[in-house]
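User: I have a model open and would like to go through some of its packing with you. Could we start with how you count contacts and then work from there?

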Amino acid sequence: MAAPGDRSEPPPQLPEYNCSYVVSRPVYSELAFQQKHERRLQERKTLRESLAKSCSCSRKKAFGVLKALLPILEWLPKYRVKEWLLSDIISGVSTGLVGTLQGMAYALLAAVPLGYGLYSAFFPILTYFIFGTSRHISVGPFPVVSLMVGSVVLNMAPDEHFLIPLNGTAANTTVVDSAARDAARVLVASALSLLVGIIQLIFGGLQIGFIVRYLADPLVGGFTTAAAFQVLVSQVKIVLNVSTKNYNGVLSIIYTLIEIFQNIRDTNIADLIAGLLTIVICMAVKEINDRFKHKIPVPIPIEVIVTIIATAISYGANLEKNYNAGIVKSIPRGFSPPSLPPVSLFSEMLAESFSIAVVAYAIAVSVGKVYATKYDYTIDGNQEFIAFGISNIFSGCFSCFVATTALSRTAVQESTGGKTQVAGIISAGIVMIAIVALGKLLEPLQKSVLAAVVIANLKGMFMQVCDVPRLWRQNKADAVIWVFTCVVSIILGLDLGLLAGLVFALFTVVLRVQFPSWNSLGSIPSTDIYKSTKDYRNIEEPEGVKILRYSSPIFYANVDGFKKCIKSTVGFDAIRVYNKRLKALRRIQKLIKKGQLRATKNGIISDAGLPNAAFEPDEDIEDLEELDVPTKEIEIQVDWNSELPVKVNVPKVPIHSLVLDCGAISFLDVVGVRSLRVIVKEFQRIDVNVYFASLQDHVMEKLEHCGFFDDHHRKDTFFLTVHDAILYLQNQMKSTKGQDSILETISLIQDCKDPLELMDAELAEEELDVQDEAMRRLAS
């Protein structure tokens, strides 16, 4: 009975299965099983037949293709107006207000004028409404992607390219031509959006949406956390209203922090107070929204409220004039006419565009899958590539930067009741109203407030740091990938950091394949269950048999590791044993020729009264190819597990069979097949038979195609299960019981010019012609 105050609970009782089964069937080798059970023939279509089927057209197929390319034709006719329209309107208005502010805020990250952030929050939605497959994501700017765009923009259009002399001052005094700089940066951002869209469209057309699978969750987590840190640093200088150079590339974030601290005494107090208040209020209200989301019907749009209040205060107190606060100043009214961005810039941004295209797609698909799973529908990864490709191409012609989806904005759209992309179209309408009519009202707004809104939305990304301890407990490799990607993305920049993280993640996969887990198995008594001898007690290993389970493909990169696993399992090196036996037999042969040893049916014996030179130093015969003499095979019976009459340390071989459990081997290459043949040959030379168990059918086919099977490598050494192989070996041992199991027959290379002579005529009847004896033994 538990002591008073002891709150420890007893361990939960595991369910007991009071049932058992008995199976009676023959022991099956692969050959026996295939002879008894006919395999179904696989019909392989020719290339012409495949092309004819894929190119055939029917009304039903054409309509299916059209609905796949235009998902709106699938869901819009099924739209439930009475049930969904009101929810979509409420959701669209809420999302549109948030999207308006985030569009302006994320334009700061993209290093373009704020009005173009509104364009980027409007145009991509129009095309995604038609081509997208997710019902809930809110399409538009995202801080990570915006920062990556800003990196390209600042690299191709830095302030140094737009310096002009200041009129009325010394000749060496220059200022930045902000109008020309902003125009150039808009062209760079729109050209990048066009190129990213083209890449995404090509990826979608080639049906390679699977590429996002190589961006593992730990990699994406580390990368987005690093991006959040870079976003934080880029916005801190705006909150402080401290001017710094626009650094880009390796260690750019370090240089930016150094310059911020060097100029921190120039901080604008009005901007700092406004920014800090915005961060505190936004984060506090967001926490309330999150904790009481089941009680609050609509999340409090705190960004909108704070923006309205901050704009009113800035306008009433005239913060720009009285406190030199940094404000938005001007927002273009209306839309710019569409134009094709300069394609001549593509060559300078090609490398970065690939990483941006993949990251933007990965973020959108990962967020879309979360809500698709929640609401029980599916999204098409390849169609999402096409949808975002068309959206970015279309947006690039309207001076927008790259669009994806934002987690916070999508959460608002879903939590306020959004059912379909009708909510997205309504949110685009709200942004359009801001572009056309409300832009003038937002001009007094402080930039530090927008920067604070960005920082407040980074909380979710920074909280991903809490995943690292959990990952370390679950899988240390994933934790290392997370930390490595995060650190290198901070140090090297987002584009190089993503590439380095991807390479490192793939490298860990290679290491795990090259150095996989393996186990020496034994059986649970009276069952057909085989478990690791290291992990379980009361495990029985069959006498004279070793069982190895190898949990990896066998290919050129891990063949050596596979051989080391076999060596560790059996406890000896088959090649070394073979060479040592050859060395011993060579010395025995010489001693027999000298009359110091005799070969009899009882083995090798020494003559009494004759000096035994068996322990005299002899040449090391490790490579018989160095002997320049004609040879032929003879046979001598030797008990290798007893003391030999020569001074050669021959390792003991305590087994007669090795069983390889191949159930976890998913594929083989040519090198792997060749290595298996060599392994079988090496063990056969020392009288150890190798058996294979649990091979998958496609692996057996690979062995057949690679010519594995011949007279020495037969299918009857391949068994359906490990237990089949063990039962076969036990039956073989019973059938050979009573025979002499000590004397073994091995091959020896012998000089054909100097055949073995018997020493004493009176013992001729006792002595043994080894070849004849071997034939009689085989016949028996």
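Analyst: Contact here means heavy atoms within 4.5 Å. Please keep in mind that this is a predicted model. With that cut-off, and leaving aside neighbours within four places in sequence, Asn-263 is in contact with Val-242 and Ser-243.

User: Where does Asn-263 lie, and what does its side chain reach?

Analyst: Asn-263 lies in the loop between α11 (252–262) and α12, and its side chain reaches the backbone oxygen of Ser-243 at 3.3 Å.

User: Let's move along to α12, then. At what angle do α12 and α19 cross, and which residues meet there?

Analyst: The axes of helix α12 (residues 269–291) and helix α19 (residues 447–456) cross at roughly 35° and come within 8 Å, and α12 passes α19 in a right-handed crossing. On the α12 side the residues are Asp-271, Ala-274, Gly-275, Thr-278, Ile-279, Cys-282, Met-283 and Lys-286, and they meet Ser-448, Val-449, Ala-452, Val-453, Ile-455 and Ala-456 in α19. By class, the residues of this contact of α12 with α19 divide into nine nonpolar, three polar and two charged.

User: And α22 with α23: what are the angle and the distance between the axes?

Analyst: Helix α22 (residues 476–492) and helix α23 (residues 494–514) pack at an angle of about 155°, and their axes are 7 Å apart.

User: Why are they called roughly antiparallel?

Analyst: Angles over 145 degrees count as roughly antiparallel, and α22 and α23 are therefore described that way relative to each other. The crossing of α22 past α23 is right-handed.

User: Which residues make up that contact, and how do they divide by class?

Analyst: From α22, the residues include Val-480, Ile-481, Phe-484 and Val-488, and among those they meet in α23 are Leu-498, Ala-500, Phe-504 and Ala-505. Taken as a whole, the residues of the contact of α22 with α23 divide into twelve nonpolar, five polar and two charged.

User: Changing topic, which residues of α17 are buried, and what do they pack against?

Analyst: In helix α17 (residues 407–415), the buried residues are Arg-409, Thr-410, Val-412, Gln-413 and Glu-414. They pack against α5 (81–110), β1 (139–140), α15 (346–374), β4 (404–405) and α18 (422–438). Just after α17, Gly-417 takes a positive phi of about 105°.

User: Is Ser-391 buried or exposed, and what is it in contact with?

Analyst: Ser-391 lies in helix α16 (residues 381–396), and it counts as buried because its relative accessibility is 1%. Apart from its neighbours within four places in sequence, Ser-391 is in contact with Pro-124, Thr-127 and Tyr-128. A polar atom of the Ser-391 side chain lies 3.5 Å from the backbone oxygen of Pro-124.

User: What does Ser-178 count as, by relative accessibility?

Analyst: Ser-178, which lies in helix α9 (residues 178–205), counts as partly exposed at 38% relative accessibility. The C-alpha atoms of Ser-178 and Asp-159 are separated by 8.4 Å, and these two residues are 19 residues apart along the chain.

User: Stepping back to the protein as a whole, how many helices and strands are there, and what share of the residues is buried?

Analyst: The secondary structure comes to 29 helices and 14 strands, and buried residues make up 46% of the 780 residues in the protein. Of the contacts between residues at least 6 apart in sequence, 80% join residues at least 24 apart.

Key
Residues numbered from 1 in each chain as written. Predicted model: local features only at pLDDT ≥ 70, side-chain atom pairs only at ≥ 80, totals over all residues. Heavy atoms only, no water. Axes fitted to C-alpha atoms, helices over the stretch in contact; angles between N-to-C directions. Helix = DSSP H or I, 4+ residues; strand = E, 2+ residues; numbered from the N terminus. Parallel < 35°, antiparallel > 145°, perpendicular 65-115°, else oblique. Left-handed = near helix turned anticlockwise from the far one by under 90°. Nonpolar A, V, L, I, M, F, W, Y, C, P; charged D, E, K, R; others polar. Buried < 20%, exposed > 50% of the residue type's maximum accessible area, 1.4 Å probe, protein only. Polar contact = N/O pair within 3.5 Å; in protein donor to acceptor, adjacent residues only side chain to side chain.
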